[in-house]
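Student: I would like a close look at one part of this protein, the start of the chain, and then at how it fits with the rest. Please keep the answer connected.

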Amino acid sequence: MDTNQLKHFVSVAQTMNFSEAARRCGISQPSMSHSISELEKLLGAQLFIRSRRGVTITDAGRELLPKAIEMIDIEEKAMFQIRQMEKGDRGTVSISALTTSSAALSKCLAVFSQRHPEILIDISFTSGRSQVVAMTEEKYDFHFAVREMVPAGDSFESLISHRDHLCLAFPANHPLAGKEADFSKLKNERFIGVSQSDGPALYSEIMKVCAARGYEPNVVCQYDRAEAVLLSVGAGMGISIIPEALKGVFYSENVSFTRIPGEDAVRTYVVAWDKKMTNPAARLFLDVVKEQFGE
């Protein structure tokens with residue numbers, strides 16, 4: 001299996017059309033068909049069903065797709081980093097971050113890029129679930145995350161970067177928009193939430209806040225990202241509870257935010273790193289983190 005075969009597979013999976021996939025990859029349609037057939041022989045599995053009606057991806061193809069995308073991404077990043085090193089650049093710092101940590105991350109980047117312009121910064125924005133997974137896989141030098149996501153034990157160190165509040169989010173034209181938080185008036189409202197499997201920390205915090213106020217959300221839809229929740233609220237599909245930090249990031253012009261009072265509605269964010277850090281470039285970034293957020 002080579003990367004070109006994977007790229008061809010991903011292109012077909014995205015277009016569901018061999019001719020269009022071949023055009024995007026700059027090869028002929030017969031070459032594309034041959035590449036996919038060779039990949040299927042190598043894997044011992046059919047990836048696409050071809051018929052007069054078109055192309056359909058199989059269960060095996062669906063299983064391979066995210067892994068193929070990840071493998072292509074790893075190769076491209078590795079090649080880029082090696083080329084940068086050959087040009088004289090010195091090292092890379094890899095960072096995993098939640099969207100709600102964007103402001104804290106930006107503060108560090110502004111200082112670090114001025115001080116060490118020769119060092120590359122590789123940033124991956126993650127959702128709640130993938131952030132938790134990333135912290136256990138040791139893929140990144142730093143994690144800009146919610147404090148509850150840091151694994152238990154003594155393998156990680158962290159500094160508090162900022163605090164945020166949970167807010168009730170209403171469509172801008174909602175009768176409760178702009179008014180104080182009153183959970184007694186939310187009983188019949190359609191509630192849009194983050195799914196527990198995709199955002200376990202945020203989901204847990206929201207449910208605790210609701211329970212403490214005697215409110216049981218009428219959940220009509222769940223998404224894997226808080227950004228998608230905010231977009232749906234702005235479209236008038238329902239109300240929600242989301243971090244206030246999203247207010248200045250995504251689709252907020254059609255949404256009214258009402259901060260929820262109480263310490264249980266405060267989220268604490270941290271910058272976390274492995275105590276066994278060996279990357280010299282990461283140690284330089286750690287100096288900046290400590291300057292920005294150390295006591």
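How are α1 and α2 oriented to each other?

Tutor: This is a predicted model, and what follows should be read on that basis. Helix α1 covers residues 3–15 and helix α2 covers residues 18–25. Their axes come within 8 Å and cross at roughly 130 degrees. Angles over 145 degrees would count as roughly antiparallel, and those from 65 to 115 as roughly perpendicular; α1 and α2 are therefore oblique to each other. The crossing in which α1 passes α2 is right-handed.

Next come the charged side chains. Salt bridges with shared partners tie Glu 20, Arg 23 and Arg 24 into one network. Across the whole structure, a search finds 13 salt bridges.

Helix α3 follows, at residues 29–43. Leu 43 belongs to this helix and contributes to a nonpolar surface patch of about 370 Å², together with Met 1, Leu 42 and Met 71. Leu 43 has a relative accessibility of 35%, so this residue counts as partly exposed. The cut-offs behind that label are under 20% for buried and over 50% for exposed, with partly exposed in between.

Helix α3 also holds Glu 40, whose side chain meets that of Arg 50 in a salt bridge with an N to O distance of 3.5 Å. The pair links distant parts of the chain, since Arg 50 is in strand β1 (residues 48–51), 10 residues from Glu 40. The two partners differ in accessibility: Glu 40 is buried, with a relative accessible area of 12%, whereas Arg 50 counts as partly exposed at 37%.

Two further salt bridges can be set beside that one. Glu 244 and Arg 259 meet through their side chains at 2.7 Å, N to O. This pair, too, links distant parts of the chain: Glu 244 is in the loop between β9 (240–243) and β10 (255–259), and Arg 259 is in strand β10, 15 residues away. With 45% relative accessibility, Arg 259 counts as partly exposed. The side chains of Asp 274 and Lys 276 also form a salt bridge, at 3.5 Å from N to O. Asp 274 counts as buried because its relative accessibility is 17%, while Lys 276 is exposed, at 56%.

For an uncharged residue, take Phe 142, which is in strand β5 (residues 142–146). Phe 142 has 0% relative accessibility and so counts as buried. The C-alpha atom of Phe 142 is 8.1 Å from that of Ala 282, although 140 residues separate the two along the chain.

As for the rest of the protein, the chain has nine helices and 11 strands. Its C-alpha trace spans about 65 × 50 × 35 Å along the principal axes. Of the 295 residues in the chain, 43% are buried; Glu 40, Asp 274 and Phe 142 are among them.

Note on methods: Residues are numbered from 1 along each chain as its sequence is written. This is a predicted model: local features need pLDDT of at least 70, side-chain atom pairs count only at pLDDT 80 or more; totals for chains, interfaces and linings use all residues. Side-chain values use heavy atoms; hydrogens and water are left out. Patches are made of residues with over 30% relative accessible area and no salt bridge: like charges are joined within 9 Å, nonpolar side chains (Val, Leu, Ile, Met, Phe, Trp, Tyr) within 5 Å. Accessible areas come from the Shrake-Rupley method with a 1.4 Å probe; for residues, only the protein chains shown count as cover. A salt bridge is a side-chain nitrogen of Lys or Arg within 4 Å of a carboxyl oxygen of Asp or Glu. Helices (H or I, at least four residues) and strands (E, at least two) are DSSP runs, numbered from the N terminus. Buried means under 20% relative accessible area, exposed over 50%, partly exposed in between (1.4 Å probe, protein chains only). Axes are lines fitted to C-alpha atoms, for helices over the stretch in contact, and angles run from 0 to 180 degrees between N-to-C directions. Angles under 35 degrees count as roughly parallel, over 145 as roughly antiparallel, 65 to 115 as roughly perpendicular and the rest as oblique. A crossing is left-handed if the near helix is turned anticlockwise from the far one by less than a right angle, and right-handed if clockwise.
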